[in-house]
Amino acid sequence: MSDIVFGQEPEPARPSEAPSQAVFAKDSDATGPVFVSKSDALASQDVNSTVLREVTEMAHEHILSLIEKKGAAFARMSLSELEGFIRGEVQGLVYGKQIPLNDVEMSLVADSLYKEIAGFGPLEDLLADPGVEDIMINGYKDVYVSKSGQMQRVQARFTDNVHLLRIVRRILAPLGRRLDESSPMVDARLPDGSRINVIIAPLARDGVVVSIRKFRATPLRAEDLLGLGAFDTRVLELMQEAVRKRCNLVVSGATSTGKTSMLNVIAEFIPAGERLITIEDTAELQLNHHHVVRLESRPGGHEGSGGISIRELVKNSLRMRPDRVIVGEVRGAEVLDMLQAMSTGHDGSMGTIHASTPRDCLHRIEMLSGFAGFQGNEMSLRRQIASALDLIIQIVRLPSGKRRIYSVTEVAGIVDDNILLQDLYRYESRVGPDGQELDNWVPVVPYPKNPKIKHIRLT
């Protein structure tokens, strides 16, 4: 999980690192505004013209042929030297063939070729933009990004699906991942921690489908989320005390609500001196703790052999003398081993789970336990869940794109054969004097029932 930024606005970039100025343009195929960088807005007038496309393709073939002839010399070039070389070759080609292009158009062609040869082509600017959280490509013509929780369509500049597939394979090449008709789906972690998922034909009917969850270089801290309004100081203090008192908890939420970011922040409160073991499908957690062992599952090879599941890692982690086990996302049979770890001396363990409400979170845990082959009856399973879990932190993404803790819910035991849930804090927005919507967290009960945190007065 690149990290998801809670709140309404991303951190403003410094002038030296800000992306190119943006404008909005209309697109007959788009349902909403189309986000276009200033350079793309200029390019959209000319780069898509027949002449410029032909010049770009001609220059691309010319430069590739030079690279093939003088491979060793190009391998020793720095990026700045390569950029200068490409600009010189484009200029020489245009002047030599007397092609009617001005300096701005030649610069656009050179920039496009440099990104294509040295980087990831049309994806280069999106990957470099700190405001972009997710990149979604539905075939070469449809490219969308998520910025501050809002979906925006961007100007697509892939030539065709072959061009897009070539860029994707260049991204995957250093990772050693195979993408072809026999292996048409890949989920991988990029060197910077970002996550990429690719599906091609015959599974994807509309061309190459790419999803990239970008990784935040500097992880969000508790004060960052507090400033962005993800929670208030009272909720923060409750979470801090719950972690210090070794409450077992899960962060629950739908896709792209920021579960991993929240788990990362909550883990900040773990006291120094404890040994943490994190277990993830794709390593995304960045714990600010000096004693962390990071484990990552491994998919099977082409023949399906050699895979190591999350469940196997959770089982093995219990032999590694952990003080706390942190499961990045509970989505399968590992749920049983996590519950057992929480119930057998590894208090303070935590994880995330996909669910829309705290009650749905419990239902999902029951369902996953059944799929994992739980041998007892329904009541024995519920008793184990109620014994293992202390808190469920539910987070949501509002229609405005803001992420908020929706409730902090206590698992308060078994009543009438059902697990009793009790909200400690609940999010209820209110309208301020000027008509503006204000965030508000309401305490539901005066004190928690859990013996670990029952001394905390909720105000």
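## Where α12 meets α14

Let's start with a pair of helices: α12 passes α14 in a left-handed crossing. The model you are looking at is a predicted one. In this model, α12 covers residues 334-343, and its axis lies 8 Å from that of α14. The angle between the two helices is about 55°, and they are therefore oblique to each other.

Which residues make this contact? On the α12 side they are Leu339, Gln340, Met342 and Ser343, while α14 contributes Gln384, Ile385, Ser387 and Ala388. Sorted by class, the contact of α12 with α14 holds 4 nonpolar residues, 4 polar ones and no charged residues.

## Where α13 meets α14

Helix α14, residues 378-388, also packs against α13, which spans residues 358-371. Here the angle is about 125° and the axes are 11 Å apart. Because angles over 115 and up to 145 degrees fall outside the parallel, perpendicular and antiparallel ranges, α13 counts as oblique to α14. The crossing of α13 past α14 is right-handed.

From α13, the contact takes in Leu362, Ile365, Glu366 and Ser369. Facing them from α14 are Glu378, Leu381, Arg382 and Ile385. This set of residues divides into 4 nonpolar, 1 polar and 3 charged. If Ile385 looks familiar, that is no accident of reading: Ile385 of α14 is listed in the contact with α12 and in the contact with α13.

## The open sheet

Now let's turn to the strands. An open sheet is built from 9 strands, and its order runs β11-β10-β12-β13-β9-β14-β15-β16-β19. The pairing within this sheet is mixed.

Which strands stand at the edges? They are β11 (292-296) and β19 (441-443). Each has a single partner strand, so one side of each is left without a neighbour in the sheet. On average, neighbouring strands of the sheet are turned by 25° against each other, with direction ignored.

## A closer look at β9 and β13

Inside that order, β13 sits next to β9. Strand β9 is made of residues 249-253 and strand β13 of residues 350-354. The two pair in the parallel sense, over 5 bridges. One pairing to find on screen is that of glycine 253, whose bridge partner in β13 is histidine 354.

## A helix across the sheet

To finish, look for helix α11, residues 310-317. This helix lies across three strands: β10 (276-280), β11 and β12 (324-327). Relative to β10, α11 runs at about 170°. One of the strands that α11 lies across, β11, is the edge strand described above.

Terms used: Residues numbered from 1 in each chain as written. Predicted model: local features only at pLDDT ≥ 70, side-chain atom pairs only at ≥ 80, totals over all residues. Heavy atoms only, no water. Axes fitted to C-alpha atoms, helices over the stretch in contact; angles between N-to-C directions. Helix = DSSP H or I, 4+ residues; strand = E, 2+ residues; numbered from the N terminus. Parallel < 35°, antiparallel > 145°, perpendicular 65-115°, else oblique. Left-handed = near helix turned anticlockwise from the far one by under 90°. Contact = heavy atoms within 4.5 Å. Nonpolar A, V, L, I, M, F, W, Y, C, P; charged D, E, K, R; others polar. Pairing = 2+ DSSP bridges.
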